[in-house]
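Here is a short tour for anyone new to reading protein structures. Please keep the 3D view open and turn it as you read along.

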Amino acid sequence: MKFGICTLDDFELKGKTVLCRIDINQPIDKVNNKLKDTTRIKACIPTIKELSDKGAKVVLLAHQGSDIEYKNYYTTQPHSEVLTELLGKKVKFIDDVCGPSARLEISKLNDGEILLLDNVRHMAEEMTLFETKLNLSLEEQSKTLVVQKLYPLADLFVCDAFAAAHRSQPTLCGFGQYLPSAIGRLFEEEFCVISSIMEAPKRPCIFILGGAKIADAFLMMNTVLDNGIADKVLTGGLVANIMLAAKNIDIGTSSMAFITKNNLSEFIDIAKNILKNHSEKIALPDDLAYIDNKRIEVGIDNLPDDSLLVDIGSQTAEAYKRTISEAATVFINGPMGVFEKDESEYGTKEIWHAIANSDAYSVLGGGDSITATNKYALEDSMSYICTGGGALIRFLTGEELPAVKALRDAAKKFPPTI
Ligand code: 3PG
């Protein structure tokens, strides 16, 4: 047991059917049916391998895509191919979640065999919209179809989906009402690493917050400034544009229209409030870049009216690099601009290299930040790459994550058997 949760060491695995919830949600090239990044899949391998090597019949449950921000569900079939390659062992796939075909495949598994079910979010009860509208208790989640159909076939539930642990959804939280449940090796490691850094971060501790996931970024900024974890916050991406607008800097009609169109106007007021309480700890860009056939950098007093601001400028990058060189701990969530394009990758590339070359302990989380790290081949230069974005942020708020609550609840109902 660790943190009041059972681990894989607490149960016999040989011959047992194990439902294992993982998070292998990755960017996908739908034209070629291929995953563009496999970081999260690689991270799940130790748990899956251990279960299979110890003789469990392994049933993997996972989602692909989000209904709230992207509306981009996709089958998990391509993931089974990557898993097969990484494990060096066949991972079967069935295009069903809990219907008769899936149940038949599960019942046919031999010891050590692995089966990946299709995208669990194809079930409406797994959607984030369903979660936020109904706010189900653990008991209510256990009454959903997916739990009711799958739990009778299994002996154990394993949750290795730290990246989705902030979601209160049936395949993350419902099985523990009926099955002994354990935390997977990846989840266990992420929990240990992030908790210990949070308890006593080496100072100065800085946060680099960029990207376009605004709700997450502002929640994180508020939390780490209010609870005193952050000594400094460096902003980039859309986060910085909103902060500048909150300071009454004219960011131009196009950028304001972008914020309005994406229903982000309320964050300008939230940003005003954060600035009121913590302005001395927040660094905003002095210059930004836009594209007009080529990259053009301008000071923040001279921003264009009709072009989107797509990157921090070089003066800002230099100032941020100086701060990074003096930091002892750096948290990174979100890129400095549209790093996918050549003209607007400068800021992200500079900052990422500065972090990689610094002596600071660096913790990076979130899909885009991981993709940028892979683009610049800096995976080995970051101290810790966390698979979670939203989950990491909510973990930092100090709230008990729903999947953790469900695992603790299950540990009380089903204590360790070995
Ligand atoms: C993620 O990509 O952050 C996780 O897979 C969770 O996805 P969600 O934010 O759509 O629940």
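Sorted by class, the residues in the shell around the ligand are one nonpolar, three polar and four charged. This is a predicted model, and in it the ligand is surrounded by Asp23, Asn25, Arg40, His63, Ser66, Arg121, Ala163 and Arg167. Try finding each of these residues in your viewer.

Some of these neighbours have polar side-chain atoms facing oxygen atoms of the ligand, and the table lists three such pairs with their distances.

| Residue | Atom in the residue | Atom in the ligand | Distance |
|---|---|---|---|
| Asp23 | polar side-chain atom | oxygen | 2.7 Å |
| Arg121 | side-chain N or O | oxygen | 2.8 Å |
| Arg167 | side-chain N or O | oxygen | 2.5 Å |

How much of the ligand does the protein cover? Taken on its own, the ligand has 310 Å² of accessible area, and the protein covers 91% of it.

Now let us turn to the helices. Two packed helices are described by the angle between their axes and the distance between the axes. A good pair to begin with is helix α9, residues 214–226, and helix α10, residues 237–246. Their axes come within 10 Å and cross at roughly 70 degrees. Angles of 65 to 115 degrees count as roughly perpendicular, and α9 and α10 are therefore roughly perpendicular to each other. The crossing of α9 and α10 is right-handed.

The second pair is helix α13, residues 314–326, and helix α14, residues 346–357. The axes of α13 and α14 come within 10 Å and cross at roughly 15 degrees. With angles under 35 degrees counted as roughly parallel, this makes α13 roughly parallel to α14. For α13 and α14, the crossing is right-handed.

Finally, have a look at the backbone in two loops. Where does Pro204 lie? Pro204 is in the loop between α8 (185–199) and β9 (205–209). A cis peptide bond joins Arg203 to Pro204, with omega at about -5 degrees. In the loop between α11 (253–261) and α12 (266–278) you will find Asn263. Although Asn263 is not a glycine, its phi is positive, at about 55 degrees.

Definitions and conventions: Residues are numbered from 1 along each chain as its sequence is written. This is a predicted model: local features need pLDDT of at least 70, side-chain atom pairs count only at pLDDT 80 or more; totals for chains, interfaces and linings use all residues. Side-chain values use heavy atoms; hydrogens and water are left out. A residue is near a molecule or strand if one of its heavy atoms lies within 4 Å of it. A polar contact is a pair of N or O atoms within 3.5 Å; within protein, one must be able to donate a hydrogen and the other to accept it, and residues adjacent in sequence count only if both atoms are side-chain atoms. Accessible areas come from the Shrake-Rupley method with a 1.4 Å probe; for residues, only the protein chains shown count as cover. Ala, Val, Leu, Ile, Met, Phe, Trp, Tyr, Cys and Pro count as nonpolar, Asp, Glu, Lys and Arg as charged, and the others, Gly among them, as polar. Axes are lines fitted to C-alpha atoms, for helices over the stretch in contact, and angles run from 0 to 180 degrees between N-to-C directions. Helices (H or I, at least four residues) and strands (E, at least two) are DSSP runs, numbered from the N terminus. Angles under 35 degrees count as roughly parallel, over 145 as roughly antiparallel, 65 to 115 as roughly perpendicular and the rest as oblique. A crossing is left-handed if the near helix is turned anticlockwise from the far one by less than a right angle, and right-handed if clockwise.
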